Amino acid sequence: MDYILGVDGGNTKTDYFLFDVTGKFIGMYRDGTCSHEGLPDSFQGTYRVMKKALDTFLGQYHIEIKDIKAACFGLAGDDIPSQQKALDEVVKSLGFTNFKVVNDSTLGIKAGTTKGYGACSINGTGTSASGIGKDGSVIQIGGIGDVTGDEGGGRFVSRKVVRAVYDEAFRFGPKTSLTPIVMKGFEIDDKMMLMEAISEKFYKRSFDYNQFTIACFKEANKGDKVAIKILKDMGSCLAAAAAGCIKELHLEDDAEIVLAGSVYVKGECPVLVDTFKETVTNLIGNNCHFNVLQVPPATGAIIWAKELYDGAFPTLEERISLIEIVTNALKQ
């Protein structure tokens, strides 16, 4: 029997999904990160960690890598050509021959579009935008830090919230209902303690900064102008990156854009998504179709592997089946 493999390798965990080529689910295996950026021995570490995981996972079913006829690896840290080349070599060294290595942000495109091409905006812990063209070409915009305008992600929102509170306290910034929330979160009652709290708690990540991200959405829903501005500014910036992917891939007349990540999915206030949609539409035209991804991006990895094996994007029926199987497996 021949098999296909889909891998979703993030900064905290890696999920491996094994199917036979007919789409029958064989099994799933979860391991820690395989990202070269999170391992002390870099790309050698990626090889080491993935080999051990695959030996364990495939060994359960007495399957060898040569039996896997197509594989897709969506990996965090695949941001620039040199990283792409190094990760390709890692996968080749593992014994794979028919495979695709991509940044994990592109998985949402295969999971959330009808044709397998388009753009995806990631807004989770961090942010990036990626695109897949009709010819299979891949582009990524942002994803490496502030210099490339990565103004998104939960950490970014929380930083903007703290900045807004600091501005109100000392820079004549507008009054915001975020201030008492931040003060309480930092466990202080005097604004003169903000500097120390930022230095000792926020920068050192010694507390859960997600509470400030959540607060931004809640206060925006209540009408706080500062919170609304944070979400609007972020939405505009992320939209420009996604629209940039569409432009570079010449997909303006057939634009499908996926929004993936916890900040999009779990945000309680619609301002962020509404601003994103409005900005993209203004930049590239009205023929835009948006999908806030509600299924695991990992589904895109196995869909892509199936596409590699078949030589064609899976049918809607096949995609629905693969998505249901992967989603249920992750719930267990």
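How many bridges join S6 to strand S9 (residues 255–260), and do the two run parallel or antiparallel? Select both strands and you will find four bridges, with the strands running parallel. Two strands pair if DSSP finds at least two bridges between them, and helices (H or I, at least four residues) and strands (E, at least two) are DSSP runs, numbered from the N terminus.

Before going on, a word on the model. This is a predicted model, in which local features need pLDDT of at least 70 and side-chain atom pairs count only at pLDDT 80 or more, while totals for chains, interfaces and linings use all residues. Residues are numbered from 1 along each chain as its sequence is written, and side-chain values use heavy atoms, leaving out hydrogens and water.

**Stop 1: strand S6**

Stay with S6 and show residues 118–123: six of its six residues are buried (under 20% relative accessible area, with exposed over 50% and partly exposed in between; 1.4 Å probe, protein chains only). Gly-118, Cys-120 and Ile-122 point one way, and Ala-119, Ser-121 and Asn-123 point the other way. In a regular strand the side chains alternate between the two faces of the sheet.

Now pick Ser-121, which stands opposite Leu-259 in S9. For the other neighbour, select strand S7 (residues 127–132), which is joined to S6 by six bridges and runs antiparallel to it. Here Ala-119 has Gly-131 as its bridge partner. Follow the chain between these two strands and you pass through a hairpin of three residues.

**Stop 2: the whole sheet**

Add the remaining strands to see an open sheet of five, in the order S8-S7-S6-S9-S10, with mixed pairing. Its edge strands are S8 (138–141) and S10 (288–292), each pairing on one side only. Neighbouring strands are turned by 20° against each other on average, direction ignored. Axes are lines fitted to C-alpha atoms, for helices over the stretch in contact, and angles run from 0 to 180 degrees between N-to-C directions.

Between S9 and S10, look for five bridges in a parallel arrangement; Glu-256 stands opposite His-289 in S10. Next, show helix H8 (residues 225–248), which packs on the sheet and touches S6, S7, S8 and S9. Contact means heavy atoms within 4.5 Å. Helix H10 (residues 271–284) also packs on the sheet, touching S6, S9 and S10, and its direction makes about 155° with that of S10.

**Stop 3: helices H1 and H2**

Move to H1 (residues 42–59) and H2 (residues 81–94), whose axes come within 10 Å and cross at roughly 35°. To view their contact, show Phe-43, Thr-46, Tyr-47, Met-50, Lys-51 and Leu-54 in H1 together with Gln-83, Ala-86, Leu-87, Val-90, Ser-93 and Leu-94 in H2.

Which residues does Thr-46 touch, not counting those up to four places away in sequence? They are Cys-34, Ser-35, His-36, Leu-39, Leu-87 and Val-90. Thr-46 is buried, with a relative accessible area of 0%. Try a distance label here: a polar atom of the Thr-46 side chain lies 3.3 Å from the backbone nitrogen of His-36.

**Stop 4: the S2–S3 hairpin**

Finish at strand S2 (residues 13–20) and strand S3 (residues 25–32), an antiparallel pair joined by seven bridges. Tyr-16 stands opposite Tyr-29 in S3. In the four residues between the strands, find Gly-23, which takes a positive phi near 100°.

Definitions and conventions:
A polar contact is a pair of N or O atoms within 3.5 Å; within protein, one must be able to donate a hydrogen and the other to accept it, and residues adjacent in sequence count only if both atoms are side-chain atoms.
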